[in-house]
Amino acid sequence: LYKTSNEAYAILSFNNYDSSIQKIIDLKKESELITIKEFKKGFEYYSDIINDKVIIYSNKDKDFSLYKTKLDNLSSKEWINIYTNGNSDEKIEKWNVFENFIALQINKGSIVNLKVIDFNGKVLVNENLSKSLNTAWLSRNNYAYTNNIRIRTQALNKTPSWLEYNVIDKKFKTLSKEKYSNYDENNYISEEFFVNNNNTLVPVSLVYNKNKITNTSPVYVYVYGAYNVHMKKYFMKNIIPLLDKGFIYAIAHVRGGSYLGDSWANAGIGKNRLNSINDFLSVSRYLKTYKSTKTRNIIAQGSSAGTVIVAAAINKEPKLFKAVILKVPFLEITKALKDNNTPYKTIEYAQWGNPNIKNELDILKQYDPILNIKRLSYPTIMTKVSIYDANVNFMDGVNYTKKIRNNSISNNNTLLYTNFNAGHQGGLRSSLYEDILDYTFILTEGLK
């Protein structure tokens, strides 16, 4: 339930993963709810109202587009298309309705643009918000009768700022910028580059303290690569102490995530899942000697779906990594996808493959982390599970740890941490303790 830009109305919204239905509530009088479009499987739409106009974001014509109609004429046959994405890698990430225009956040690969259009689709403004490796997004204005648009922006080495863009003057104004004692962003370098994996260029974002980096500085690399998630380059104050100890922090934007758009995501899921694992291996090999004639210790971390990539990578090249952290891991994939009690099992087939189809099962068996544990010299591993995890079975981590201990021929530790009070997202009270645990582990292993 949310209030529309026209404060006389609210919208009651119901949706699942691929369908939606919305009803308009007139807040000034008691009347029946008005359904915008009856439920139809596979049909999604999300609406806002300004004056007597209804603006609708929908997949009515397959690709998500913006439409307009009148409050007194809601039939989908009457919806008029006012903006459609230019190509498959361009996406309307956010849209805000104002009295005289619509502000769009358009993501095209790693580039974020602010587009302002009128109610006929004419482009009034097109500004790149990703300059200087920034990540940025539109903030919802609480007041629609203005020409000012609020924007949040930050980077791996730049603290968050609030900006205001005036559509008439076409100028940005900084409203505020977060400050932290003893932090000077001029000492920190953020970079983005591409690593070649079999003629596919994989993006990598990283940050380091230019006064602390050496030829042997360790690399702490994070990967997710699933569910069309775009790993944004947020400023993370909790990694600054690591950077000040000489660490390099990197994000591997492998296929399976949507850093370069939907086609990039689709190239790393299902039957293409091996691409995301090989992307990560290529990035890790490159980082091993990044800006150095010597080798660097690589500490890798994956959380949830990202643990599939990390665990599969150390099965293939265990000596590439000094240590890994597997948080709330999904490690018995084939078993879970065959289990009738697994939540949303058939939906997960698109991400990981369908074990009921032979060629997809064959691919699953090539990367399933627990099925591919062998007599190898594994790095130090810390696996972290939560007892109340509703997304993945905590026994995945327990069984994985046991099998690694029984097969690893190295003298490295294989650790299991169990949070008895948390679920998949962790616990609010224990989050600080868990950060301390993670960074103690990263420092200990990285600086060995």
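## Strand pairing at Lys 115

Two strands count as paired if DSSP finds at least two bridges between them. Strands (E, at least two residues) and helices (H or I, at least four) are DSSP runs, numbered from the N terminus. On these terms, Lys 115 has Asn 126 in E12 as its bridge partner. E12 runs antiparallel to strand E11 (residues 111-117), and 5 bridges join the two.

The model is a predicted one: local features need pLDDT of at least 70, side-chain atom pairs count only at pLDDT 80 or more, and totals for chains, interfaces and linings use all residues. Residues are numbered from 1 along each chain as its sequence is written, and side-chain values use heavy atoms, with hydrogens and water left out.

## The four-stranded sheet

E11 and E12 belong to an open sheet of 4 strands, in the order E9-E10-E11-E12, with antiparallel pairing. E9 and strand E12 (123-128) are the edge strands, and each pairs on one side only. From one strand to the next, the twist averages 20 degrees. Such angles run from 0 to 180 degrees between N-to-C directions, with axes as lines fitted to C-alpha atoms (for helices, over the stretch in contact).

## The N-terminal hairpins

Strand E1 (residues 2-3) and strand E2 (residues 9-15) run antiparallel, joined by 2 bridges. A hairpin of 5 residues links E1 to E2. Tyr 2 faces Ile 11 of E2 across the pair.

E2 also pairs with strand E3 (residues 20-26), antiparallel over 7 bridges. Here the hairpin connection has 4 residues. Ile 11 stands opposite Ile 24 in E3. Ile 11 therefore appears in both pairings, opposite Tyr 2 and opposite Ile 24.

## The largest pocket

A pocket is an open set of points on a 1 Å grid over the protein atoms alone, with protein on both sides within 12 Å along at least five of seven lines; a cavity is a set where a 1.4 Å probe fits but cannot get out; lining residues have an atom within 4 Å of a point. Grid points are joined across faces, edges and corners, and a volume is the space filled by probe spheres set on the points.

The largest pocket has a volume of about 1200 Å³. It is lined by 33 residues, and Glu 44, Tyr 57, Phe 64, Lys 91 and Asn 228 are the closest to its centre. Strand E5 (45-50), strand E7 (63-70), strand E9 (90-97), helix H2 (262-266) and helix H6 (345-352) each supply at least two lining residues. E9 gives the most, with 7 residues. The lining divides into 12 nonpolar, 10 polar and 11 charged residues. Ala, Val, Leu, Ile, Met, Phe, Trp, Tyr, Cys and Pro count as nonpolar; Asp, Glu, Lys and Arg as charged; the others, Gly among them, as polar.

## The second largest pocket

The second largest pocket holds about 990 Å³ of space. Its lining has 33 residues; Tyr 222, Gln 301, Ser 303, Lys 327 and Gln 425 lie nearest the centre. Elements that each supply at least two of them include strand E19 (219-223), strand E21 (298-303) and helix H9 (431-446). H9 provides the largest share, 5 residues. By class, the lining splits into 14 nonpolar, 13 polar and 6 charged.

## The cavity

The structure holds 1 cavity of 30 Å³ or more. The largest cavity contains about 60 Å³ of space. Among its lining residues are Tyr 224, Met 231, His 253 and Tyr 259. That lining comprises 6 nonpolar, 4 polar and no charged residues.
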